[in-house]
Amino acid sequence: MGNNFLNLSKFFNGVRDLFVNEKKEFIVIRIFWLIIIIYPFLFLWHGLNFSDEGNIMTIYRLIFSDPYSIRTSIAFGTWGASIIGGSWLSIFGGFGLIGVRFAGALVSILTVIVSYFILKEYIKKKILLLGFLISFLFSYHFFTLTIIGYSNLSILFFAISILFLTKGLKKNNNALVFLAGFFLVFNIFIRLPNILGLFFILAIPYNACIKNIRAKEYLRHYFAFITGALISFAVVYFIMRIFGHVNYYIESLKYLMESTQNNNGPYNAQGLIFSTFKGYFSLFGNFILMFLLAILGFFLYLKFKLNRLNFFIKLFLLLLFLLFLYVEYNFIGILIGGRVVSLLTGLCYAVLFAHVLNYKEGDKNLNLIALLMLILFIIIPLGSGAGHINALYLIPISFPIVVNYIHNIKKIDFSLKISQLKYLKDISFVINEKIIKSGKYFILAVFIPYALTNAFAFSYDDSYNRFLLNTKINSNYLKGIYTTEEKAIPLNELLLQLPKYIQKNDTILVTWIAPIIYYITETKPYFPSPWTEIYDRDQITAFLNNNFMNKKLPVVIRYDYLSKHRYDDILYNFFKKNSYEKKWNNKMYEIYIPAIHQ
């Protein structure tokens, strides 16, 4: 027993030596890169989302072959992402959904690599990679859709724009500034609200101000940036013309603009503005709460001298907490995780603001990068119902700046003098370097295992018990994907029945939130979007009761029919009007056939 304890002590001392011995730093750096590269691929096969992934996969499959069938969907509001995803699917479509998830992992890794090149001159490699690692471990598998899509592609192209813009301004290289403008405008076609990224142009006068650059020089920067932006517009228009997508894109924009005025729709401007402000209040409140709890936890850790406990006792207590978190994940895991998102996002806001406001202090180029990333944190939540949850995609590229800021804190000296109040004493305290260093180790020791536990427990729109994700779907397009029996068995039963009623390339209607069926059956949506949820009652009524575009009445597949849906009354009226008959059902799906189809 004593020898085992001695061997373990030597092992952990050896691990610690890797971090403090500069000669061995290259080993740590390689370990960090290895984890960052492997980590996104760990859970690709677990969990199945019927709505988001189904919608995106259907769009990718039809964007080239039949764009008309998805003309008012998000396919064209996110045209750039649809083209990239559709191209990937055209080449690697045989791998199905898991192949597109693989592409999403590649995009995230590439984003970290681009961010590494943005920051590597200003932050020590070990600190930089530690920042990437901490944030990546927490954010990649939590609250985010790992499939390649407009969210992760937006961050990648923003990162590329930041790389070229900061390098161009630093080196006074207008070719790089030109490329920044080019990729920034292309990113507008990845996701329409990315148009707010044009505020990146503020980096040019900010850079001129902090570096005292002559007007003649920064006017050239403006010219290069704007020229790159205009040429990008021209290139995108040319590509749209080649694929015949120009009219569809315009129609999609019209739909999106009309939706912002529709108070009953999912994209109404008033609702999005309200949710954004509500998100800011929630973010601020949760940040303060979690920050105070973190400080309290650390002081209790020191107060009760837990830092002096035997290593194995501390390890046991941590494992006990993580086990509790995993077992009770449905009740407490998500609750804690969402607030940890607020804590990390709030720290990013605070540190980036500090860099921007203290532009005369520290590295001016790093302050410039902080400005651009702060702009991202402000604009990314806008135009999305997810709001500040989208900040999760930003944390991996910006959190290294936070880690570097914390790393440089050596001492905290706080005093508050109260001279006028008789019953209150002055407040003052000093936190020395030793305590701060202990605090940093405490944070790492708790947060990294917590992040891994959180990632293992969380599955996007599926069971939080990963051991229950053990059943496959009998579809070549979903091979390698495992979900719960409750999801898989009813869907497999449906797939056995569908060949009796539909064929490849048929136009069908899936209600309400399972567009994955279009993808795995190679069918087309009856509505001009795979996701019927984007329409309001009036639009759905018009599509159904007016026999939309004089199409042949579709076979209807109703998902989760035991749950009442807000549009069911419209659907049942449609069934009655057109003499639909229910042909089959199980506990999750119903198949309805129109009289003229029989």
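Contact here means that heavy atoms lie within 4.5 Å of each other, and the views that follow come from a predicted model.

**View 1. Helix 9 and helix 11 meet in a right-handed crossing.** Two packed helices are described by the angle between their axes and the distance between the axes. Helix 9, made of residues 174-188, packs against helix 11, made of residues 215-243, at an angle of about 40 degrees, and their axes are 7 Å apart. That angle makes helix 9 oblique to helix 11. On the side of helix 9, the residues that make the contact are Asn174, Val177, Phe178, Ala180, Gly181, Phe182, Leu184, Val185, Phe186 and Ile188. Among their partners in helix 11 are Arg220, His221, Ala224, Phe225, Thr227 and Gly228, and further along helix 11 the contact also includes Ile231, Phe233 and Val236. Sorted by class, the residues in this contact of helix 9 with helix 11 are 15 nonpolar, six polar and one charged.

**View 2. Asparagine 172 lies in the loop between helix 8 and helix 9.** Helix 8 covers residues 150-171. The phi angle of asparagine 172 is near 55 degrees, which is a positive value in a residue other than glycine. With a relative accessibility of 38%, asparagine 172 counts as partly exposed.

**View 3. Helix 3 and helix 5 are roughly perpendicular to each other.** Helix 3 (residues 52-62) and helix 5 (residues 79-92) pack at an angle of about 75 degrees, and a distance of 8 Å separates their axes. Helix 3 brings Met57, Ile59, Tyr60 and Arg61 to the contact, while helix 5 brings Ala81, Ser82, Gly85, Gly86 and Leu89. By class, the contact of helix 3 with helix 5 has five nonpolar residues, three polar residues and one charged residue. Of the 11 residues of helix 3, 10 are buried, so helix 3 is largely enclosed by the rest of the structure. The buried residues include Glu53, Gly54, Asn55, Ile56, Thr58 and Leu62, and they also include Met57, Ile59, Tyr60 and Arg61.

**View 4. Aspartate 461 lies in the loop between helix 18 and strand 3.** Helix 18 spans 433-457 and strand 3 spans 471-472. Although aspartate 461 is not a glycine, its phi is positive, at about 60 degrees. Its relative accessible area is 45%, and aspartate 461 is therefore partly exposed.

**View 5. Isoleucine 489 is a residue of helix 19.** Helix 19 runs over residues 485-497. Isoleucine 489 has a relative accessibility of 38% and so counts as partly exposed. Isoleucine 473 is 16 residues away from isoleucine 489 along the chain, and the C-alpha atoms of these two residues are separated by 7.8 Å.

**View 6. A cis peptide bond joins threonine 511 to tryptophan 512.** The omega angle of this bond is near -5 degrees. Tryptophan 512 has its place in the loop between strand 5, at 507-511, and helix 20, at 516-521.

**View 7. Isoleucine 534 is found in the loop between strand 6 and helix 21.** Strand 6 covers 524-525, and helix 21 covers 537-545. The relative accessibility of isoleucine 534 is 8%, so this residue counts as buried. Isoleucine 534 and serine 259 are 275 residues apart in sequence, yet their C-alpha atoms are 9.3 Å apart in space.

**View 8. Helix 21 passes helix 22 in a right-handed crossing.** Helix 22 is made of residues 568-577, and it packs with helix 21 at an angle of about 10 degrees, with the two axes 10 Å apart. Helix 21 and helix 22 are therefore roughly parallel to each other. In this contact, Arg537, Ile540, Thr541, Leu544 and Asn545 of helix 21 meet Asp569, Ile570, Leu571, Phe574 and Lys577 of helix 22. The residues of this contact divide into five nonpolar, two polar and three charged.

**View 9. The protein chain as a setting for the close-ups has 22 helices and nine strands.** The chain has 598 residues, and 51% of them count as buried. Among the contacts between residues at least 6 apart in sequence, 71% join residues at least 24 apart. The protein chain exposes about 29,100 Å², and carbon and sulfur atoms supply 65% of that area.

Methods:
Residues are numbered from 1 along each chain as its sequence is written. This is a predicted model: local features need pLDDT of at least 70, side-chain atom pairs count only at pLDDT 80 or more; totals for chains, interfaces and linings use all residues. Side-chain values use heavy atoms; hydrogens and water are left out. Axes are lines fitted to C-alpha atoms, for helices over the stretch in contact, and angles run from 0 to 180 degrees between N-to-C directions. Helices (H or I, at least four residues) and strands (E, at least two) are DSSP runs, numbered from the N terminus. Angles under 35 degrees count as roughly parallel, over 145 as roughly antiparallel, 65 to 115 as roughly perpendicular and the rest as oblique. A crossing is left-handed if the near helix is turned anticlockwise from the far one by less than a right angle, and right-handed if clockwise. Ala, Val, Leu, Ile, Met, Phe, Trp, Tyr, Cys and Pro count as nonpolar, Asp, Glu, Lys and Arg as charged, and the others, Gly among them, as polar. Buried means under 20% relative accessible area, exposed over 50%, partly exposed in between (1.4 Å probe, protein chains only). Accessible areas come from the Shrake-Rupley method with a 1.4 Å probe; for residues, only the protein chains shown count as cover.
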